[in-house]
Amino acid sequence: MRVTPQRAHTWRVLTESEEHLTAEEVWERARDTLPGLELSTVYRSLEALRAVGLVADSRLPEGPRVFEARPALHPHLVCKSCGEISHPDPEAGHQLFEALNAGSNDFEVHELHVVAEGICARCARR
Ligand SMILES: [Zn+2]
Ligand SMILES: [Zn+2]
């Protein structure tokens, strides 16, 4: 991947936040450092980072597409009560991906978004 200032900065915004950000949110944060940066450039940077596996994109329930500096296929646990998103064993996503592709499904899985909804320990105690 060619490293452009836009890509490097998009990557930095994601690693520094450690959150799940929409492309618009990445853009808002990146604009502080790179004035004149366009949203379409952020989209292209995110796509380039995603293509090399540095960034994962996910579709969380009832939410927009979000990006984060973590490998693809990692599962998400979403608390129905407080909305907190946590990451269980990332291997679980890989195992599911391989299981789905290995079966006699006559189907080739390219993308997998694993989102489990439930209640977090903090909310359960309340
Ligand atoms: Zn995540
Ligand atoms: Zn919760």
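Which residue of E5 does valine 78 stand opposite? Valine 78 faces glutamate 117, and we'll come back to that spot below.

## Ground rules

This is a predicted model, where local features need pLDDT of at least 70, side-chain atom pairs count only at pLDDT 80 or more, and totals for chains, interfaces and linings use all residues. Residues are numbered from 1 along each chain as its sequence is written, chains are lettered from A and ligands numbered from 1 in the order in which they are written, and side-chain values use heavy atoms, with hydrogens and water left out.

## The overall picture

The chain has five helices and five strands. Here helices (H or I, at least four residues) and strands (E, at least two) are DSSP runs, numbered from the N terminus. Walking along from the N terminus, you meet the elements in the order α-α-α-β-β-β-β-α-β-α.

The C-alpha atoms fill a box of roughly 45 × 45 × 20 Å, taken along the principal axes. Of the chain's 126 residues, 32% count as buried. Buried means under 20% relative accessible area, exposed means over 50%, and partly exposed is in between (1.4 Å probe, protein chains only).

## Strands and how they pair

Strands of a sheet pair through backbone hydrogen bonds, either parallel or antiparallel. For a pair to count, DSSP has to find at least two bridges between the strands. Strand E1 (residues 56-59) and strand E2 (residues 65-68) run antiparallel and are joined by four bridges. In this pairing, arginine 59 stands opposite arginine 65 in E2. The hairpin has five residues between the strands, and glutamate 62 there takes a positive phi near 55°.

Three more strands make an open sheet in the order E4-E3-E5, with mixed pairing. Strands E4 (85-86) and E5 (115-118) stand at the edges with a single partner strand each, so one side of each has no neighbour in the sheet. Strand E3 (residues 76-79) runs parallel to E5, with four bridges joining them.

## Two zinc sites

Now for the metals. Donors are N, O and S atoms within 2.8 Å of the metal (3.2 Å for Na, K and Ca); water is not among the atoms, so sites may look incomplete. The zinc ion (ligand 2) has Cys79 (SG), Cys82 (SG), Cys120 (SG) and Cys123 (SG) as its protein donors, lying 2.3 Å from it. Along the chain, these donors follow the spacing C-x2-C-x37-C-x2-C. The site is tetrahedral, with angles of 102 to 115° among its four donor atoms. As for the labels, four donors count as tetrahedral if all angles lie between 85 and 135 degrees; four count as square planar and six as octahedral if opposite donors are over 155 degrees apart and all others between 65 and 115; anything else is irregular. Cysteine 79 is buried at 4% relative accessible area, while cysteine 82 is partly exposed at 37%.

The zinc ion (ligand 1) has donors from His20 (NE2), Glu68 (two entries, both OE), His74 (NE2), His76 (NE2) and His87 (NE2), lying 2.0 to 2.3 Å from it. Its six donor atoms make angles of 58 to 169°, and the site is irregular. In sequence, the donor residues are spaced H-x47-E-x5-H-x1-H-x10-H. Glutamate 68 and histidine 76 are both buried.

## Charged partners

Side chains of opposite charge can pair when their charged atoms come close. A salt bridge is a side-chain nitrogen of Lys or Arg within 4 Å of a carboxyl oxygen of Asp or Glu, and the count here comes to ten. Glutamate 68, the zinc donor, also meets arginine 70 in a salt bridge (2.5 Å, N to O). Glutamate 68 has a relative accessible area of 0%, whereas arginine 70 is partly exposed at 22%.

Back to glutamate 117: its side chain meets lysine 80 in a salt bridge (3.8 Å, N to O). This pair links distant parts of the chain, with glutamate 117 in strand E5 and lysine 80 in the loop between E3 and E4, 37 residues apart. Glutamate 117 is partly exposed at 43%, and lysine 80 is exposed at 58%. There is also a network of salt bridges linking Glu47, Arg50, Asp57, Arg59, Arg65 and Glu111.
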